Amino acid sequence: MKNQTVLITGASRGIGRAAALLFAENGYRIAANYRQSAEEIRRLEEEISAFGVPFLPLQADVSDPEAVEQMAEKAQRQFGGIDVLVNNAGISLIGLLQDTTAEDWNRIFGVNVNGAFYAAKAVLPGMIRRQMGRIINISSMWGVAGASCEVAYSASKAALIGFTKALAKEAGPSHITVNCIAPGVVMTDMNRELAASALEELREETPLGVIGTPEDIARAILFLASEEAGFITGQVLNVNGGIVI
Ligand code: NAP
């Protein structure tokens, strides 16, 4: 959509990067958050320059409320407002619950849940003022179905679903939609730690018989940001090849 700005957290790699490219191709101004992958963001900026849309790299750890506030302010100052927020930054943790420390748990929730809360809180006043906006939270199929050995991650992604539904009710009267995408298995760095055999098992369990690509998820994000999705709010869109139905 022309003349709109999207802020994507975790845009340096994987799903966030694919979303940034697709939104740029569709004429959006791009505010691209990352935590540490400065070189990847520089390369993304180079690729996006081909689309001729403004690009603003924003370094911030989304688990830090002040950093998120400053990031949102900078993006709003530069572009005059945020039309679409994609809460995509996320981290995972594999291990038994009894091996999960309180520190692990808080780190997962700090990024996956608190990060979305801080970013939504920072952009909402502008969206409410303009009586428009889209917030898209990236959950996971494990937030829907639960994963053994990923209890903290699953719980954080389930929390995002509750966050989405409640905020959709609260922000709806201001013509702001809030939705969630629950991706299935997607080939990104996040799954690099998975053994090839585990990945193959997940592929076999997927009715469509394929592992998803970051672009599969990016297209769903773009749809939820579009005008055509204006009557959809508070929903969880499962983009997963059918692995969880
Ligand atoms: P990824 O390739 O590991 O990329 C993660 C992105 O998040 C990176 O850009 C990273 O930035 C950023 N990030 C991590 N911690 C951050 C922090 N504290 N502050 C700001 N940015 C931070 O992951 P992905 O697979 O694309 O995952 C994207 C989202 O989809 C996550 O929320 C994930 O839980 C969800 N998801 C993924 C899958 C899957 O199979 N891949 C499935 C379901 C859901 P840096 O590069 O700077 O570290």
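At 5% relative accessibility, Asn87 counts as buried, because the cut-off for that label is anything under 20%. This asparagine makes a handy starting point for a walk through the structure, which is a predicted model. Asn87 lies in strand β4. Setting aside its neighbours within four places in sequence, Asn87 is in contact with Thr9, with Gly115, Ala116 and Ala119, and with Ile135, Ile136, Asn137 and Ile138.

From this residue the view can widen to the sheet. Seven strands form an open sheet in the order β3-β2-β1-β4-β5-β6-β7, and their pairing is parallel. At the edges stand β3 and β7, each with a single partner strand, so one side of each is left without a neighbour in the sheet. On average, neighbouring strands of the sheet are turned by 15 degrees against each other, direction ignored. Helix α6 packs on the sheet, where it touches β5, β6 and β7. The direction of α6 makes about 160 degrees with that of β6.

Strand β1 (residues 5–8) deserves a closer look. Both of its faces are covered: Thr5 and Leu7 are buried on one side, and Val6 and Ile8 are buried on the other. In the sheet order, β1 sits between β2 and β4. Four bridges join β1 to β2 (residues 29–34), and the two strands run parallel. Within this pairing, Thr5 has Arg29 as its bridge partner, while Leu7 stands opposite Ala31. The chain travels from β1 through helix α1 (residues 14–25) to β2, and this β-α-β crossover is right-handed. Towards β4 (residues 84–87), β1 is joined by three bridges, again in a parallel arrangement. Here Leu7 has Leu85 as its bridge partner, and Ile8 stands opposite Val86.

What of β2 itself? Six of its six residues are buried. Arg29, Ala31 and Asn33 point one way from the strand, whereas Ile30, Ala32 and Tyr34 point the other way. Five bridges join β2 to β3, and these strands run parallel too. One pair of residues across this border is Tyr34 in β2 and Gln59 in β3, which stand opposite each other. Together with helix α2 (residues 38–49), β2 and β3 make a right-handed β-α-β unit.

Attention can now turn to the nonpolar interior. The largest nonpolar core has 35 residues, and those with the most contacts inside it are Leu7, Leu58, Leu85, Val123, Met127, Ile135 and Val178. Two or more residues come from each of β3 (55–59), α3 (65–79), α4 (102–130), α6 (151–171) and β6 (176–183). Of these, α4 gives the most, with eleven residues. Leu58 shows what the surroundings of one such residue look like. Leaving aside neighbours within four places in sequence, Leu58 is in contact with Leu7, Ala31, Ala32, Asn33, Tyr34, Met71, Lys74 and Ala75. Apart from this core lies another, of 33 residues, which includes Leu21, Val53, Phe55 and Ile221.

Ile221 leads on to helix α8 (residues 214–225), where it is one of the buried residues. The others are Pro214, Ile217, Ala218, Ala220, Leu222, Leu224 and Ala225. These buried residues pack against α1, β4, β5 (133–138), β6 and β7 (236–239). The length of α8 can be checked with simple arithmetic. At 1.5 Å a residue, its twelve residues should span 16 Å, and its end C-alpha atoms are 17 Å apart, which agrees.

Leu194 offers a last stop. Its place is in the loop between β6 and α7 (196–205). Is Leu194 buried or partly exposed? At 25% relative accessibility, Leu194 counts as partly exposed, because that label covers values between 20% and 50%. Beyond its neighbours within four places in sequence, Leu194 is in contact with Ile94, Leu199 and Leu202. Leu194 and Val123 are 71 residues apart in sequence and 35 Å apart in space, taken from C-alpha to C-alpha. Val123 is among the residues with the most contacts inside the largest nonpolar core.

Conventions:
Residues numbered from 1 in each chain as written. Predicted model: local features only at pLDDT ≥ 70, side-chain atom pairs only at ≥ 80, totals over all residues. Heavy atoms only, no water. Core = buried A, V, L, I, M, F, W, Y, C linked by side-chain atoms within 4.5 Å. Buried < 20%, exposed > 50% of the residue type's maximum accessible area, 1.4 Å probe, protein only. Contact = heavy atoms within 4.5 Å. Pairing = 2+ DSSP bridges. Right-handed = clockwise from strand over helix to strand, strands pointing away. Expected span 1.5 Å × (residues − 1). Axes fitted to C-alpha atoms, helices over the stretch in contact; angles between N-to-C directions.
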